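Biologist: I'd like to go through this one with you and ask what the labels really mean. Can we start with the strands?

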Amino acid sequence: MPIAADDPRLTSAFTASTARYDDVPFARAGVSGIRLPRISLGLWQNFGSGRTLDSQREILLHAFDRGVVHVDLANNYGPPYGAAESTFGTVLDSHLRPYRDELFLSTKAGYDMWPGPYGDGGSRKYLMRSLEQSLTRMRTDYVDVFYSHRVDPETPIEETVTALADIVRSGKALYVGISNYPADLTRRAYELLAAEGVRLFVHQPRYSLFDRTPEADLFPTLRDLGVGSAVFSPLAQGLLTAKYLDGTVPADSRAADSRFLDGSALTDDYLERIRGIEGVAREAGLSIPQLAVAWVLRDPVVTTAIIGASRPSQVDDAVHASKATLSDDVIAALEPFAAPVGAAVR
């Protein structure tokens, strides 16, 4: 059950559930020694100025109680930039500090963060200074994995990778990852890191029923290299929910207030697809979001699915989905409504 607004855990010392590892399954990330929960909590949205600290803390504590111990952040998650890391740091200090060794924390740098030429991209200066700032906001002396958030075409990949390797050697990150890198540069980053004596731990791509781009080249590369993947946007920014089945945008939906999604996405093609997916989900005894999460987890190359949550029940839905096994018939029934293999719905 969700934590009630007046629950003493929100205002007093937090004692985690003794059953926190009984629900969500874990999977090994590639050939590393790390197992991650099949569901991870991403703070990309819902952890900025538009939400109260109490509501954000409630989600974080509830997720931890369900075994969702991997929390994914980035330097510019908010708004404003840095807000998600600061919120997490507050909750870590007030409630989760005794459990730091049970948490697996990630953050990233690569996109716009501060003014001037050194606040964006993949340079050594930006990555290293960004991580220092992130650690301050998160109130921790290290993260478990630090990502290069994107390819920077203006910075040699050798510089980016050397900075990542030095960050591991400094102890400020235990592992390194990359996000939004194509297959060829993923292999190049892997090789350059190996030459530095550091293994590429994980790749973070966008992946969902509506965006199967990684299936073409990236996933085969990750399998070959033994690298795990933590996929984001498994619900396609909320399109893989029942919110838009009638073709309208509810006032409290993401499409109503997000710069990443708006009502223009509700095309006739989308409505045909989502209504078809809803029929398959109903036959499978799952909600649309549960089916969407279970679908991305069907492939062993996917270590974990990073979900966003605006309420604790969404964490519960994802945990339930992580334990579902989709039959071949269900997977086949989804094909007409999913993006083509290796492509995205436009």
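Modeller: Sure, definition up front: two strands pair if DSSP finds at least two bridges between them. Helices (H or I, at least four residues) and strands (E, at least two) are DSSP runs, numbered from the N terminus. Bear in mind that this is a predicted model, where local features need pLDDT of at least 70, side-chain atom pairs count only at pLDDT 80 or more, and totals for chains, interfaces and linings use all residues. Residues are numbered from 1 along each chain as its sequence is written, and side-chain values use heavy atoms, with hydrogens and water left out.

Biologist: How do you know that strand S4 and S5 are joined?

Modeller: The cut-off is at least two bridges, and three bridges join S4 (residues 70–72) to S5, running parallel. Val71, for instance, has Leu105 as its bridge partner in S5. Strand S6 (residues 143–148) passes too: four bridges join S6 to S5, again parallel, with Ala109 opposite Ser148.

Biologist: What makes S4, helix H2 and S5 a right-handed β-α-β unit?

Modeller: A crossover is right-handed if, with the strands pointing away from the viewer, the path from the first strand over the helix to the second runs clockwise. The path from S4 over H2 (residues 83–96) to S5 fits that description. S5, helix H3 (residues 124–138) and S6 make a right-handed unit as well.

Biologist: Why is S5 called largely enclosed?

Modeller: Buried means under 20% relative accessible area (exposed is over 50%, partly exposed in between; 1.4 Å probe, protein chains only). Six of the six residues of S5 (residues 104–109) are buried, so the rest of the structure largely encloses this strand. Phe104, Ser106 and Lys108 point one way and Leu105, Thr107 and Ala109 the other, and all are buried.

Biologist: And what makes the span of helix H5 close to the expected one?

Modeller: The expected span is 1.5 Å times one less than the number of residues. H5 (residues 183–195) has 13 residues, which gives 18 Å, and the helix reaches 19 Å from its first C-alpha to its last, so the two are close.

Biologist: Which residues of H5 are buried?

Modeller: Ala183, Thr186, Ala189, Tyr190, Leu192 and Leu193. Their cover includes helix H4 (157–170), strand S7 (173–179), strand S8 (200–204) and helix H6 (218–225), where contact means heavy atoms within 4.5 Å. After H5 comes Gly197, with a positive phi near 80°.
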